[in-house]
Amino acid sequence: MDKHFETLDDFLGTHFIYTYDNGWEYEWYAKNDHTVDYRIHGGMVAGRWVADQEAHINLLTAGIYKIAWTEPTGTDVALDFVPNEHKLNGTIFFPKWVQDHPEITVTYQNDHIDLMETSREKYETYPKMVVPEFANITYIGDAGQNNDQVIAAEPYEGMTDDIRNGKFYDDNYRMIKR
Ligand SMILES: C=Cc1ccc(O)cc1
């Protein structure tokens with residue numbers, strides 16, 4: 001948690017856990033300069049996890065980062081990280097169908113892209129549900145870029161505690177077999 005951030009390179013390869021002020025807990029990894037992975041532990045779509053989401057990742061000024069992407073579900077996300085202060089601000093723009101049927105999205109999305117795309121056509125988009133929240137960062141890990149082991153397992157109760165307590169990854173940031 002004592003890592004200091006200045007450049008884009010300092011940010012890429014970093015793995016974060018944070019809790020939004022509304023109580024939603026998220027885990028997110030800057031996999032490389034155009035890709036993010038994440039796992040959701042609390043909130044409306046807890047249990048959802050995603051690898052290799054394309055994203056725009058930019059350094060705004062020293063130590064402050066902006067990330068934005070649009071998902072196969074039609075959900076849009078914009079995150080502003082201030083990691084030196086262990087803070088971020090995130091805005092999630094959920095299409096109406098995700099609010100109405102969150103359970104459809106609670107899965108390993110990579111295996112169900114077709115279902116996300118057919119659902120976004122089948123159900124309603126508007127009005128969107130906008131969730132603008134600050135979050136406190138509770139974990140910062142140096143996973144290195146393009147590490148497929150960071151977000152490679154289904155979330156479970158207690159997973160974020162295991163990560164924070166050093167019980168989940170080995171010294172090479174590979175998952176410890178359990
Ligand atoms: C919908 C995905 C998502 C991922 C990370 C985050 O902080 C907010 C939303």
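**Exercise 1. A proline and its peptide bond**

Pro127 sits in the loop between helix 4 (113-122) and strand 9. Work out which form the peptide bond from Tyr126 to Pro127 takes.

*Solution.* Bear in mind as you go that this is a predicted model.
- Step 1: read omega for the bond from Tyr126 to Pro127, which is near -5°.
- Step 2: assign the form; the bond is cis.

**Exercise 2. The overall fold**

Find how many helices and strands the protein chain has, then check its radius of gyration against the value for a compact globule.

*Solution.*
- Step 1: count the elements. There are five helices and nine strands.
- Step 2: put them in sequence order, which gives α-β-β-β-β-β-β-β-β-α-α-α-β-α.
- Step 3: compare radii. For 178 residues, a compact globule would come out near 16 Å, and the protein chain has 16 Å, so the two agree.
- Step 4: add the box. Along the principal axes, the C-alpha atoms fill roughly 45 × 40 × 25 Å.
- Step 5: look at contact range. Taking contacts between residues at least 6 apart in sequence, 56% join residues at least 24 apart.

**Exercise 3. Surface and charge**

Describe how much of the protein chain is buried, what its accessible surface comes to, and how its charged side chains are placed.

*Solution.*
- Step 1: of the 178 residues, 47% are buried.
- Step 2: the accessible surface is about 8600 Å², and carbon and sulfur atoms account for 48% of it.
- Step 3: count the charges. There are 15 positive and 31 negative side chains.
- Step 4: locate the centres of the two sets, which lie 3 Å apart.

**Exercise 4. Two nonpolar cores**

Identify the residues that touch the most other members of the largest nonpolar core, and say which element gives the largest share of that core.

*Solution.*
- Step 1: the core has 34 residues, and those touching the most other members are Phe11, Tyr18, Trp28, Ile67, Leu79 and Phe81.
- Step 2: trace the contributors. Elements giving two or more residues include strand 1 (14-20), strand 2 (25-32), strand 7 (76-82) and helix 2 (96-100).
- Step 3: rank the shares. Strand 9 gives the largest, with four residues.
- Step 4: check for another core. A second, separate one of 13 residues includes Trp49, Ala143, Ile151 and Tyr173.
- Step 5: take Trp28 as a sample member of the largest core. Beyond four places in sequence, its contacts include Phe11, Tyr18, Ile67, Leu79 and Phe81.

**Exercise 5. Inside strand 1**

Decide whether Tyr18 is buried or exposed, and list some of its contacts.

*Solution.*
- Step 1: place the residue; Tyr18 is in strand 1.
- Step 2: apply the cut-off. Buried means under 20% relative accessible area, and Tyr18, at 1%, therefore counts as buried.
- Step 3: list partners more than four places away in sequence. Among them are Trp24, Trp28, Leu88, Ala135 and Ile137.
- Step 4: try a distance. Tyr18 and Ala51 are 33 residues apart in sequence, and their C-alpha atoms are 18 Å apart.

**Exercise 6. Two buried charged residues**

For Asp37 and Arg48, find the relative accessible area and the surrounding residues.

*Solution.*
- Step 1: Asp37 lies in strand 3, and its relative accessible area of 0% makes it buried.
- Step 2: beyond four places in sequence, Asp37 is in contact with residues including Glu27, Lys31, Asp52 and Ile151.
- Step 3: Arg48 is in the loop between strand 3 and strand 4. This residue is buried too, at 3%.
- Step 4: outside its sequence neighbours up to four places away, Arg48 touches Tyr38, Arg39, Glu71 and Gln109, among others.
- Step 5: finish with a separation. Arg48 and Lys31 are 17 residues apart along the chain, with 18 Å between their C-alpha atoms.

**Exercise 7. Positive phi**

Asp52 and Tyr173 both have a positive phi without being glycine. Find where each one lies and how accessible each one is.

*Solution.*
- Step 1: for Asp52, phi is about 60°. The residue belongs to strand 4 (residues 49-54).
- Step 2: Asp52 has a relative accessible area of 47%, so it is partly exposed.
- Step 3: for Tyr173, phi is near 60°. The residue lies in the segment after helix 5 (159-164).
- Step 4: Tyr173 has 10% relative accessibility and so counts as buried.

Key: Residues numbered from 1 in each chain as written. Predicted model: local features only at pLDDT ≥ 70, side-chain atom pairs only at ≥ 80, totals over all residues. Heavy atoms only, no water. Rg over C-alpha atoms; globule rule 2.2 N^0.38 Å. Buried < 20%, exposed > 50% of the residue type's maximum accessible area, 1.4 Å probe, protein only. Contact = heavy atoms within 4.5 Å. Areas by Shrake-Rupley, 256 points an atom, 1.4 Å probe, with all protein chains shown as cover. Lys, Arg positive; Asp, Glu negative; His and termini not counted. Charge placed at Lys NZ, Arg CZ, Asp CG, Glu CD. Core = buried A, V, L, I, M, F, W, Y, C linked by side-chain atoms within 4.5 Å.
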